[in-house]
Every structure is written in structure tokens, then in C-alpha cells.
Amino acid sequence: MADRFPAGETLAALAASSQPFRPDECAALARRVAGLIDTAALPRTGTSAALWQDEHSVAWLNVMPERRDTGYHDHDGSAVGVYVIEGSVTNEGLPVGGPRRAHRYGPGDSFSVPGTGIHRMDHDAGAITVHVYSPPLRAIGYYEVADGLLQRTPGPPDEGSPESPRLLETLRGR
């Protein structure tokens with residue numbers, strides 16, 4: 001797959017920084033990186049590939065051939081910027097005391113989530129996205145309702161987060 005996107009040195013040079021990026025800078029960097037990827041050459045099977053990692057950021061290319069709901073999760077203090085290359089995704093923060101606010105993004109759209117944010121993403125089948133995290137992910141916290149209480153379970157940064165079915169039911173008022 002390495003021949004389907006620019007050499008690591010090119011991407012690392014693009015991401016070079018003396019400090020972590022702000023959320024909006026992560027989104028801008030994801031947009032610039034996405035412009036360098038030859039999507040026609042990408043496999044349409046599920047792929048998550050690290051594009052680079054240094055002390056201040058890490059980037060992932062995600063190809064989702066099937067729908068994928070990440071469930072509610074946090075990035076353990078890392079901000080994220082997302083750029084949608086193909087397909088569409090929905091991003092939704094975890095609401096407290098108010099209505100749910102889901103935002104849909106399509107090709108050419110980008111958005112960011114602060115390092116303190118809790119959110120979920122629903123990738124439609126066929127979505128291709130670039131995610132830039134800063135500082136690099138150390139862990140991901142997964143959220144779910146257990147015995148009527150919101151629970152956070154820590155997980156590794158390089159595994160997909162599980163859905164949050166009981167939390168979604170609670171938010172829907174069931």
C-alpha cells in the first residue's frame with residue numbers, strides 16, 4: 001500500500017512542527033495530506049494505515065467499505081482533524097442536558113474535535129478519510145452505559161472503538 005500515497009519523508013516534512021497542533025490546524029493538515037493521496041489506487045477493502053507519526057502528531061488514512069460507527073469515545077487529550085476524501089461521515093458530540101447535534105460531512109469537508117472532546121463518528125459505506133491527531137494518540141476512552149451510569153473504558157490507540165448501543169438508546173430517550 002505504500003505506493004498509493006506519498007513517501008513517509010514527504011508527509012513527515014509536511015507535518016514537521018516544533019509543537020502540537022491546535023484542532024483547526026489538525027483539520028487543515030488533514031486537508032493538505034488528502035490532496036496528496038491517489039485514491040484511485042486504494043484498495044476498497046477495510047484499511048487503516050498510519051501515514052506518519054512523530055512526537056507532535058500522527059495521521060491515519062481510513063478506508064471504510066462498510067458502514068462503521070465508532071461509538072462515543074475520547075482521544076485521551078489528543079485533538080483530531082478529519083478530512084473527508086470520499087463518501088460521507090457524521091460526527092456527533094456527547095450531549096448533556098440538550099438535544100443531540102449530529103453534523104454530516106461529505107467529500108471536501110473537514111472538521112476538528114478538541115482534545116477534551118467526547119464524540120462518535122458514523123462512517124457511511126465507502127467513506128475515505130484522513131485523521132490527524134495531535135499530540136499522537138496514547139489511548140482511546142470508550143463510553144457506554146452500565147447499570148444506569150456512564151462508564152469510560154480505556155483502550156489502545158490503534159484499535160477500532162466499539163459502538164455504544166446502550167448510550168445511544170439512553171440519548172434517544174428509550
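The protein chain has 3 helices and 12 strands, and its radius of gyration is 16 Å, close to the 16 Å that the globule rule gives for 174 residues, so the chain is as compact as a globular protein of that length. This is a predicted model, and what follows should be read with that in mind. Along its principal axes, the C-alpha trace spans about 50 × 35 × 25 Å. Of the 174 residues, 45% count as buried, and the chain exposes about 8600 Å², of which carbon and sulfur atoms supply 50%. When contacts between residues at least 6 apart in sequence are considered, 69% of them join residues at least 24 apart. As for charge, there are 16 positive and 22 negative ones in the chain, and the mean positions of the two sets lie 6 Å apart.

From the whole chain we can turn to one pair of strands. Strand β5, residues 79-86, runs antiparallel to β8, to which it is joined by 4 bridges, and within this pairing Tyr-83 stands opposite Ser-110 of β8. In a regular strand the side chains alternate between the two faces of the sheet. Strand β8, residues 110-113, has Phe-111 and Val-113 on its covered face, while Ser-110 and Ser-112 belong to the uncovered one; the residue opposite Tyr-83, Ser-110, is thus one of those on the uncovered face.

The loops hold several backbone features that deserve attention. Most residues other than glycine have a negative phi, and most peptide bonds are trans. In the loop between β4 (73-74) and β5 sits Asp-76, whose phi is near 50 degrees, a positive value in a residue other than glycine. Asp-76 has a relative accessible area of 29% and therefore counts as partly exposed, since this class lies between the limits of 20% and 50%.

Further along, the loop between β10 (127-134) and β11 contains Pro-135, which is joined to Ser-134 by a cis peptide bond with omega of about -10 degrees.

The loop that follows β11 (140-146) and leads to β12 (149-155) is the place of Asp-147, which also has a positive phi, near 55 degrees, although it is not a glycine. Asp-147 counts as exposed because its relative accessibility is 82%, where the class requires over 50%. The C-alpha atom of Asp-147 is separated by 35 Å from that of Thr-129, a residue 18 positions away along the chain.

Methods
Residues numbered from 1 in each chain as written. Predicted model: local features only at pLDDT ≥ 70, side-chain atom pairs only at ≥ 80, totals over all residues. Heavy atoms only, no water. Buried < 20%, exposed > 50% of the residue type's maximum accessible area, 1.4 Å probe, protein only. Helix = DSSP H or I, 4+ residues; strand = E, 2+ residues; numbered from the N terminus. Pairing = 2+ DSSP bridges. Rg over C-alpha atoms; globule rule 2.2 N^0.38 Å. Contact = heavy atoms within 4.5 Å. Areas by Shrake-Rupley, 256 points an atom, 1.4 Å probe, with all protein chains shown as cover. Lys, Arg positive; Asp, Glu negative; His and termini not counted. Charge placed at Lys NZ, Arg CZ, Asp CG, Glu CD.
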